[in-house]
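Reader: Hello! I would like a close look at a single part of this model, followed by how that part sits in the rest of the chain. Could you walk me through it in one go?

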Amino acid sequence: MQDKDGGVAEYTGTVLVNNVAPSVTAGADTTINQNDTLARNGSFTDPATSDTWTATVNYGDGGGATSLTLAGDHSFGLSHMYTALGTFTVTVQVLDDDGGAGTATFNVTVKDVTPPAVVCGTADGQWHGADVSIACTATDAGSGLANPADASFALSTNVTAGSETANASTGSRQVCDVAGNCVTAGAIAGNQVD
Ligand SMILES: [Ca+2]
Ligand SMILES: [Ca+2]
C-alpha cells in the first residue's frame, strides 16, 4: 500500500474459515431376524448454527443410498426391513452446505429363525398287505436344508408281519436348516395294514 507522500507500508492478512464437518452417531452393530425391520434413531452434531444439512442412508442390501429426513433437533430415524440373510453395512452420511461430510456405519446381521417347511402325504384309507410308505418333501427358503437328503424322503410304518391294525403310524424324522431351526415330520397315523 502506498500513500500520496510515497510512504509504503505492507499489510498482510489471512482470513481462515474453518468449516467443521457434521459428526454422525448411528449406533452399534446389531442382529435381527429375517423379515424383521431394523428401526432406530440417530443424530448428528455440527457447531455451525448457520449451516444447513442433507443426509442419505444406504442400508447395504442392494437398495443404494436414499434421502434421509433430518429433524430440527438434528435427529433422524432409520427403518428398513431385511428380507435377505447375511451381514449388511448401514451407512448414514450427513452433508453440510459448506461441503463438509460426516459418516457413520454399523453392521446388521440378518439370521434365519424359520424352520423348514415339510409337506407329507396322509393315510390313504385303503388296506395294505405290507408296510405303508408315505412321501414327504421339505424346503427352507432361508439358510437351506442342513441335510440335502431331507428335500425328499418317505416315512414308513413298521407293522409286525402277520398282525393287523387299522391305525398304524409311520416313523418320524427331524428336519433342520443350516441355521439350526428344526421341525419334526410325522408320525402319520391312520394307516391300515394287514
Ligand atoms: Ca459444518
Ligand atoms: Ca430356515
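Author: Happy to. In this predicted model, let us begin with an open sheet built from three strands, which run in the order β1-β3-β6 and pair in the antiparallel sense. The edges are taken by β1 (23–25) and β6 (75–81); each has a single partner strand, so one side of each is left without a neighbour in the sheet. On average, and with direction ignored, neighbouring strands here are turned by 25° against each other. As general background, strands of a sheet pair through backbone hydrogen bonds, either parallel or antiparallel.

Now for the pairing at one edge. Three bridges join β1 to strand β3 (residues 37–45), in the antiparallel sense. If you want a residue to click on, take T25, whose bridge partner in β3 is S43.

From the sheet we can turn to the nonpolar packing. The largest nonpolar core has 14 residues, and V24, F88, V90, V92, V94 and V108 are the ones that touch the most other members. Three strands, β4 (53–58), β7 (86–96) and β8 (101–111), each supply at least two residues of this core, and β7 gives the most, with four residues. For a view from one residue, centre on V94: leaving aside its neighbours within four places in sequence, V94 is in contact with P22, V24, F44, W53, A55 and G102. Apart from the largest core lies another one, of eight residues, including C136, L155, A185 and I188. In general, nonpolar side chains tend to be buried together in soluble globular proteins.

Zooming out, the protein chain is divided into domain 1 (23–111) and domain 2 (117–193). Taken over C-alpha atoms, the centres of domain 1 and domain 2 are separated by 48 Å. The overall dimensions can be read alongside that distance: along the principal axes, the C-alpha atoms of the protein chain fill a box of roughly 135 × 30 × 20 Å. The radius of gyration of the protein chain is 33 Å, whereas a compact globule of 194 residues would have one near 16 Å.

A few totals round off the picture. The protein chain has 16 strands and zero helices. Of its 194 residues, 19% are buried. Among contacts in the protein chain with a separation of 6 or more, 61% are between residues 24 or more positions apart.

Methods
Residues numbered from 1 in each chain as written. Chains lettered and ligands numbered in written order. Predicted model: local features only at pLDDT ≥ 70, side-chain atom pairs only at ≥ 80, totals over all residues. Pairing = 2+ DSSP bridges. Axes fitted to C-alpha atoms, helices over the stretch in contact; angles between N-to-C directions. Domains from an automatic or database assignment. Rg over C-alpha atoms; globule rule 2.2 N^0.38 Å. Buried ≥ 20, exposed ≤ 12 C-beta atoms within 10 Å, placed from the backbone. Contact = placed C-beta atoms within 7 Å. Core = buried A, V, L, I, M, F, W, Y, C linked by C-beta atoms within 7 Å.
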